[in-house]
Amino acid sequence: MGAGIMGVAVHPGQAGSVHVTKLAQPRPGPNEALVRVRRVGVCGTDTEIINAKFGTAPAGAQELVLGHEVLGEVEAVGEGVTTLRPGDLVTATVRRPDGCPTCRAGQIDMCLWGNYTERGILGAHGYMAQSFTENVRYLVPIPVELEPVGVLVEPLSVVEKAYRQAVLIQRRLAVWTPETAVVLGAGPIGILGTLLLRQQGLQVYTLARTPAPNPAAEIVERAGAHYVSTRQISFANLRDSLPNVDLIFESTGASALAFEGMEALGINGVLMLLSITGGDAEGLVPTDAINRSLVLGNKIVAGSVNAATEDFARGVKRLGQFEHEWPGLAVSLITDRLRGFDDAHRIAEAAGRGVKTVLEFADA
Ligand SMILES: [Zn+2]
């Protein structure tokens, strides 16, 4: 392959166009690190890009390198880098700023103009390659003992942000000591949200369609949360048996659940919406009942997307706490391992199967 490196790319807009591509050998510029990729997680966004529902190539390029959940090892650093050294393990944040007031203030995850880029998703190459370069301000160190689970920091950062936002929102109350939470959905986001809320000491009810036993239910139960199959008990029936629901994370990908969540939410509660619903579903909603319960209950419904660097850092710390409380539990989210370049065509198929699929690039 000459002086270049290999990557896994798609032609955005062409369904099923996953292919192995050759890229120029990256070299770290000032304040950048060259990172050798060890593994990359696959999520629903990657599947949507593969199915041509989402994703754009970098300006002037015909293809987009996939991947935004990465664990890698620093191979070299450019001029001026003092915070990282070769051999350090890192993950990388996803979104890059567009110059709007909130981006300029450092809150890229709250971008106002919407002209941001996202590595592996919108207008910037991702991390499914032998190596990549990045400004060290977007790299987050991972302690060596968290190597097996470091690839989960990006999805965990999404729920870290949601939880941080909920706590910020609840500063409206003189006292907020949440005891009961509902997590809608038991994909990677729902499970990581469940673990976070258990680690914070809440009683957690995690709802999903598939009845137990299944890998997601096993992880949820091992963390001391209650796994509830909506095929066995409806959300409406469950909520009647719960104490005041202080916090809900919605991560099912089905927007109807967002509205059921508004009714289920308890007094002074917060509903954090995390599903990027790509469809155009419509439905009949009891608007009077929902509006009345939001008003009378002082409830808040908030959307949350992406994550700040501080959420990645909190995620790293949290993974350490997970390992302390439930040794080996977090790594069991990784239910499928593919070989980086050989299995690239199987990404979408594998992603729909277990909990979390990762591509291994260690020997690529
Ligand atoms: Zn912005």
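What follows is a walk through the sheets, helix packing and a few unusual residues of one predicted model.

Residues are counted from 1 along each chain, in the order the sequence is written. Because the model is predicted, local features need pLDDT of at least 70 and side-chain atom pairs count only at pLDDT 80 or more, while totals for chains, interfaces and linings use all residues. Helices (H or I, at least four residues) and strands (E, at least two) are DSSP runs, numbered from the N terminus.

We can start with the sheets. Two strands pair if DSSP finds at least two bridges between them. In one open sheet, 6 strands line up in the order E14-E13-E12-E15-E16-E17, with parallel pairing. Its edges are strand E14 (226-229) and strand E17 (300-303); each has a single partner strand, so one side of each is left without a neighbour in the sheet. On average, and ignoring direction, neighbouring strands here are turned by 20° against each other. Strand E13 (residues 203-208) runs parallel to E14, and 4 bridges join the two. Thr206, for instance, has Tyr227 in E14 as its bridge partner.

There is also an open sheet of 3 strands, ordered E7-E8-E9, and its pairing is mixed. Strand E7 (95-96) and strand E9 (123-124) are its edge strands, each pairing on one side only. Strand E8 (residues 117-119) and E9 run parallel and are joined by 2 bridges. Here Glu118 has Gly123 of E9 as its bridge partner.

Now for what lies on the six-stranded sheet. For the angles, axes are lines fitted to C-alpha atoms (for helices, over the stretch in contact), and angles run from 0 to 180 degrees between N-to-C directions. Two residues are in contact if their C-beta atoms, placed from the backbone, lie within 7 Å. Helix H7 (residues 255-264) lies across strand E12 (180-184), E15, E16 and E17, and runs at about 175° to E15.

How do the helices pack on one another? Two packed helices are described by the angle between their axes and the distance between the axes. Helix H3 (residues 153-169) and helix H9 (residues 309-325) have axes that come within 8 Å and cross at roughly 110°. That makes H3 roughly perpendicular to H9 (angles under 35 degrees count as roughly parallel, over 145 as roughly antiparallel, 65 to 115 as roughly perpendicular and the rest as oblique). On the H3 side, the contact residues are Val153, Leu156, Ser157, Glu160, Lys161 and Arg164, and H9 brings Asp311, Phe312, Arg314, Gly315, Val316, Arg318 and Leu319. Sorted by type, the residues of this contact come out as 5 nonpolar, 2 polar and 6 charged. In this sorting, Ala, Val, Leu, Ile, Met, Phe, Trp, Tyr, Cys and Pro count as nonpolar, Asp, Glu, Lys and Arg as charged, and the others, Gly among them, as polar.

H9 also packs with H4, at an angle of about 75° and with the axes 11 Å apart. H4 and H9 are therefore roughly perpendicular to each other. Leu195, Leu196 and Gln199 of H4 make this contact with Arg318, Gln321, Phe322 and Glu325 of H9. The contact of H4 with H9 splits into 3 nonpolar, 2 polar and 2 charged residues.

Helix H4 itself is well tucked in: 11 of its 12 residues are buried, so it is largely enclosed by the rest of the structure. A residue is buried if 20 or more other C-beta atoms lie within 10 Å of its own, exposed if 12 or fewer, and partly exposed in between, with C-beta atoms placed from the backbone. The buried residues of H4 include Pro188, Ile189 and Arg198. Just after H4, Gly201 takes a positive phi of about 90°.

Finally, a few loop residues are worth a look. Gly266 sits in the loop between H7 and E16. Gly266 is buried, with 21 other C-beta atoms within 10 Å. Leaving out residues up to four places away in sequence, Gly266 touches Asn244, Val245, Asp246 and Gly297. Pro213, in the loop between E13 and helix H5 (215-222), follows a cis peptide bond from Ala212, with omega near 0°. Ala52 is not a glycine, yet its phi is positive, near 65°. Ala52 lies in the loop between helix H1 (44-50) and strand E4 (64-65) and is partly exposed, with 15 other C-beta atoms within 10 Å. Asn298, also not a glycine, has a positive phi of about 50°. With 11 C-beta neighbours inside 10 Å, Asn298 counts as exposed, and its place is in the loop between helix H8 (287-296) and E17.
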